[in-house]
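User: Could you take a close look at the salt bridges in this model and walk me through them? I would like the cut-offs spelled out along the way.

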Amino acid sequence: MTELLDSLTKGNRRALSRAITLIESTRPDHREQAVELLSQLPPRQALRIGMSGTPGVGKSTFIEAFGTMLTEQGYRVAVLAVDPSSARSGGSILGDKTRMELLSRNPMAFIRPTPSSAELGGVARRTRESIRLCEAAGYDVVLIETVGVGQSETLVAEMSDLFILLLAPAGGDELQGVKRGIMEMADLILVNKADGDLLATARRTCADYAGALRLLRKRPQDPGGFPKALAVSAATGDGLRKAWDEMQELADWRRENGHFEATRSAQARHWFMAELRAGLLARLDQPEIKGELQRLGDAVAAGDMAPGFAATQLLDQLSKGQGGALE
């Protein structure tokens with residue numbers, strides 16, 4: 001563990017990959033080692049940028065162009081790409097690294113695709129811990145790409161400093177295509193593919209979203225003019241530098257006005273509660289509890305017991321067992 005930590009903090013990409021594999025493991029002994037490793041990480045910070053977008057919007061293409069631009073400016077960039085897992089087989093394609101061919105070969109960049117493993121919220125369960133590892137490895141910017149867009153793909157906003165929403169022009173009924181919940185969380189809306197024949201459509205779409213954003217309630221963590229909508233092109237690179245300038249302006253304003261650290265503190269509390277809930281759910285897999293869970297489940301399935309009553313019985317038993325353990 002000491003050797004792994006030393007290599008990780010020196011920016012070794014192989015050590016970073018090994019560390020992420022360790023924290024993603026579900027083996028109890030690996031989990032103990034992961035907790036030990038995470039507790040010893042140096043307090044380094046990177047700018048965490050969460051990205052989500054509709055299918056086919058070109059998230060991977062955008063991240064490759066955007067990440068390449070950042071590395072040319074001297075920034076070290078880490079990309080955590082979360083791929084959806086099959087509900088039937090549990091497998092994932094994990095093709096993001098192949099779609100970011102140039103960035104994956106860039107020595108200033110690190111790309112790690114991770115399966116969502118049926119986790120809701122558009123991110124994997126250990127994505128937040130992976131961010132901490134990337135920061136400890138000395139990366140300046142961490143890009144978190146979610147599995148897609150919808151009402152639930154907003155957990156990335158609970159682990160990032162800036163939340164970017166990518167949309168495509170000519171996507172039908174633009175303002176109905178993305179629900180209000182995710183729009184309220186976006187710090188910046190980028191309309192991609194603003195080039196060629198779609199340029200005029202992209203500008204019109206961008207204007208529509210800019211108008212819609214003005215109707216939303218102003219948030220205390222935003223300066224005047226934010227959130228914004230901008231037109232960009234990952235294919236030509238147009239608008240990428242402008243988008244980065246806007247991200248930096250927003251992050252700097254939040255740091256100067258105390259919102260940056262306050263948000264990170266709130267996020268840490270959120271993920272403490274999330275880990276606690278996950279740990280409590282994991283207790284249901286213990287052998288002595290699984291038998292009772294099966295018995296009550298059979299009774300509910302047979303109609304002999306109401307679901308609410310059965311759940312109350314099991315919770316009471318868990319509470320008594322926990323009380324005995326505490327005594």
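Analyst: Happy to; here is a walk through the salt bridges and their surroundings. This is a predicted model, in which local features need pLDDT of at least 70 and side-chain atom pairs count only at pLDDT 80 or more, while totals for chains, interfaces and linings use all residues. Residues are numbered from 1 along each chain as its sequence is written, and side-chain values use heavy atoms, leaving out hydrogens and water.

The structure holds 19 salt bridges, each being a side-chain nitrogen of Lys or Arg within 4 Å of a carboxyl oxygen of Asp or Glu. A good place to start is Arg126, which meets the side chain of Glu275 in a salt bridge at 2.9 Å, N to O. Arg126 sits in the loop between β3 (109–115) and α7 (127–136), and Glu275 in helix α12, so this pair ties together parts that are 149 residues apart in sequence. Helices (H or I, at least four residues) and strands (E, at least two) are DSSP runs, numbered from the N terminus.

Arg126 counts as buried at 12% relative accessibility, whereas Glu275, at 28%, counts as partly exposed. Here buried means under 20% relative accessible area, exposed over 50%, and partly exposed in between, with a 1.4 Å probe and protein chains only. Arg126 also forms a salt bridge with Glu129, the closest N and O atoms being 3.3 Å apart, and Glu129 is buried as well.

Helix α12 (residues 259–282) also holds Leu276, which is partly exposed with a relative accessible area of 40%. Together with Phe272, Met273 and Leu280, Leu276 forms a nonpolar patch on the surface with about 380 Å² of accessible area. Such patches take residues with over 30% relative accessible area and no salt bridge, joining nonpolar side chains (Val, Leu, Ile, Met, Phe, Trp, Tyr) within 5 Å and like charges within 9 Å; the areas come from the Shrake-Rupley method with a 1.4 Å probe, and for residues only the protein chains shown count as cover.

Next comes the salt bridge of Asp187 with Arg219, whose closest N and O atoms are 2.8 Å apart. Asp187 lies in the loop between α9 (180–185) and β6 (188–191), and Arg219 in the loop between α10 (199–215) and β7 (228–231), so the pair ties together parts 32 residues apart in sequence. Asp187 is buried, with a relative accessible area of 6%, and Arg219 counts as buried at 14%. Finally, salt bridges that share partners join Arg48, Arg132, Glu135, Asp161 and Arg264 into one network.
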